[in-house]
Amino acid sequence: MSDTPMLIIDGPQYCNWSEKIFRQMREGGASAIHVTISYHETFRETVYVMETWNRWFERYSDLIVPAKTAADVRKAQAEGRTAIVFGLQNPSSIEDDIDLVEILHTLGVRFMQLTYNNQSLLATGCYEAEDPGITRMGKQVIAEMNRVGMVIDMSHSAERSTFEAIDLSSRPITISHANPSSWHPALRNKSDELIAALTARGGMLGFSTYPHHLKDKSDCTLESYCTMIARTAERVGVDHLGLGSDLCQDQPDSVVEWMRNGRWSRERDYGEGTAASAGFPPQPSWFRDNRDFGVIAEGLAAVGFSGEEVAKIMGGNWLAFFEASFGPKS
């Protein structure tokens, strides 16, 4: 048996970042975390978040390091640090300027969702009543993201828009944090047909631990979660499945309100919550923070995955996807 620690890659996460959380990443053996740096922020506001991260990279250089390539992740793993990969959960940061795609990629952004629940300039979000699909600008932005090596993420997008993104993209895309709607029919979860189309084209599905995406929500069991992953692997194979926890550790409830409402609404939107339960739901007991990755690995083994398959789901598949996706189109 190899003495090399298992590669663990997760994301996105949008935690209230602190030395405590960075140390928990190391305790949990996290090789790389895809972190959200923007929801509704403008380009300049997103750059300010990057400035904050640069200060953290300097202050906690023994714990975290920025990553733009798969090689950066391997190097961080070898050095005992966690690689941080930047992602955007909405295209707000490119505003209406397609050239900002390349600028943001140069600054380190490697993932961008085409929508966050609502209709955007690029595509339709999963909360809209109608889904007309990818827009004219969206088609051009997909091509530009393909060219520079920024991954198209359709986690919060509606079904037709997601199918079209899969077909329009010349490179595999991702649904970085969602679960099968056949297991739990949340609005944000995805149909088996969509998951099959995604993975058939080499795309990655990251399984979410966010309670609104889980059967029985915060009371979801580890066995139920891991069995869901096993049933998905039976349908589409294991090579394009990974973790996408959507962890929002230590965030105040004002942050989930920002996610759901941004500046677009004068009415309060509760998203997947309700007026009676508007804040962040409690995490399931088996994944409270980054120290619990080993618990998920044990749960996957318990439902029948081999050691090689567990290693793929825990991080190996994401690393292969990074390798193929983060560079310019050949």
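User: Buried means under 20% relative accessible area, I take it. What relative accessible area does Asn117 have?

Analyst: Asn117 has a relative accessible area of 10%, so it counts as buried. Keep in mind that this is a predicted model.

User: Where does Asn117 lie?

Analyst: Asn117 sits in the loop that runs between β5 (109-113) and α5 (136-148). Its phi is positive, about 70°, although Asn117 is not a glycine.

User: OK, and what about Asp246, where is that one?

Analyst: Asp246 is in the loop between β9 (241-243) and α9. Asp246 also has a positive phi, about 60°, and is not a glycine either. With a relative accessible area of 8%, Asp246 is buried.

User: You mentioned α9. Which residues in that helix are buried?

Analyst: Helix α9 covers residues 253-261, and the buried ones in it are Val255, Val256, Met259, Arg260 and Asn261.

User: What follows α9?

Analyst: Gly262 does, and its phi is positive, near 45°.

User: Let me zoom out. How many helices and strands does the protein have?

Analyst: The protein has 11 helices and nine strands. Its C-alpha trace spans about 50 × 40 × 40 Å along the principal axes.

User: How does the radius of gyration fit with a compact globule?

Analyst: It agrees: the protein has 18 Å, and a compact globule of 330 residues would be near 20 Å.

User: And what share of the residues is buried?

Analyst: Buried residues make up 57% of the 330. The accessible surface comes to about 13,600 Å², and carbon and sulfur atoms account for 50% of it.

User: What about contacts, how many join residues at least 24 apart?

Analyst: If you take contacts between residues at least 6 apart in sequence, 71% of them join residues at least 24 apart.

User: Switching to charges. How many positive and negative ones are there?

Analyst: There are 31 positive and 44 negative charges, and the mean positions of the two sets are 3 Å apart.

User: How many disulfides turn up in the whole structure?

Analyst: Zero. For background, a disulfide is a covalent bond between the sulfur atoms of two cysteines.

User: Why is there no bond from Cys15 to its closest cysteine?

Analyst: The closest cysteine sulfur to that of Cys15 is in Cys248, 6.7 Å away, which is too far for a bond. The cut-off for a disulfide is sulfur atoms within 2.5 Å. Cys15 itself is buried, at 3% relative accessible area.

User: And Cys126, how far is its sulfur from the closest one?

Analyst: 15 Å, with Cys248 as the closest cysteine again, so that pair is also too far for a bond. Cys126 is buried too, with a relative accessible area of 8%.

User: Now Trp17. Where is it found, and is it buried or exposed?

Analyst: Trp17 is in the loop between β1 (9-13) and α1 (19-27). Trp17 counts as buried, because its relative accessibility is 10%.

User: What is Trp17 in contact with?

Analyst: Leaving aside neighbours within four places in sequence, Trp17 contacts Phe22, Met25, Val35, Trp53 and Trp56. Lys312 is 295 residues from Trp17 along the chain, and their C-alpha atoms are separated by 27 Å.

User: Back to β1 for a second. Which residue of the Gly11 to Pro12 pair is found in that strand, and what is the peptide bond between them like?

Analyst: Pro12 is found in strand β1. The peptide bond from Gly11 to Pro12 is cis, with omega near 5°.

User: What about Gly315, which helix holds it?

Analyst: Gly315 lies in helix α11, residues 307-325. Gly315 is buried, with a relative accessible area of 0%.

User: And what does Gly315 touch?

Analyst: Not counting residues up to four places away in sequence, Gly315 touches Leu7, Ile8 and Ile9. From Gly315 to Glu223, C-alpha to C-alpha, the distance is 20 Å, with the two positions 92 residues apart in sequence.

User: Last one, Thr162. Which helix is it in, and what does it touch?

Analyst: Thr162 lies in helix α6, residues 159-168. With residues up to four places away in sequence left out, Thr162 touches Met154, Ser157, Ile175 and Leu194. Thr162 counts as buried, at 0% relative accessibility.

Key. Residues are numbered from 1 along each chain as its sequence is written. This is a predicted model: local features need pLDDT of at least 70, side-chain atom pairs count only at pLDDT 80 or more; totals for chains, interfaces and linings use all residues. Side-chain values use heavy atoms; hydrogens and water are left out. Helices (H or I, at least four residues) and strands (E, at least two) are DSSP runs, numbered from the N terminus. The radius of gyration is taken over C-alpha atoms; the globule rule is 2.2 Å times the number of residues to the power 0.38. Buried means under 20% relative accessible area, exposed over 50%, partly exposed in between (1.4 Å probe, protein chains only). Contact means heavy atoms within 4.5 Å. Accessible areas come from the Shrake-Rupley method with a 1.4 Å probe; for residues, only the protein chains shown count as cover. Lys and Arg count as positive and Asp and Glu as negative; His and the chain ends are not counted. The place of a charge is taken as NZ of Lys, CZ of Arg, CG of Asp or CD of Glu.
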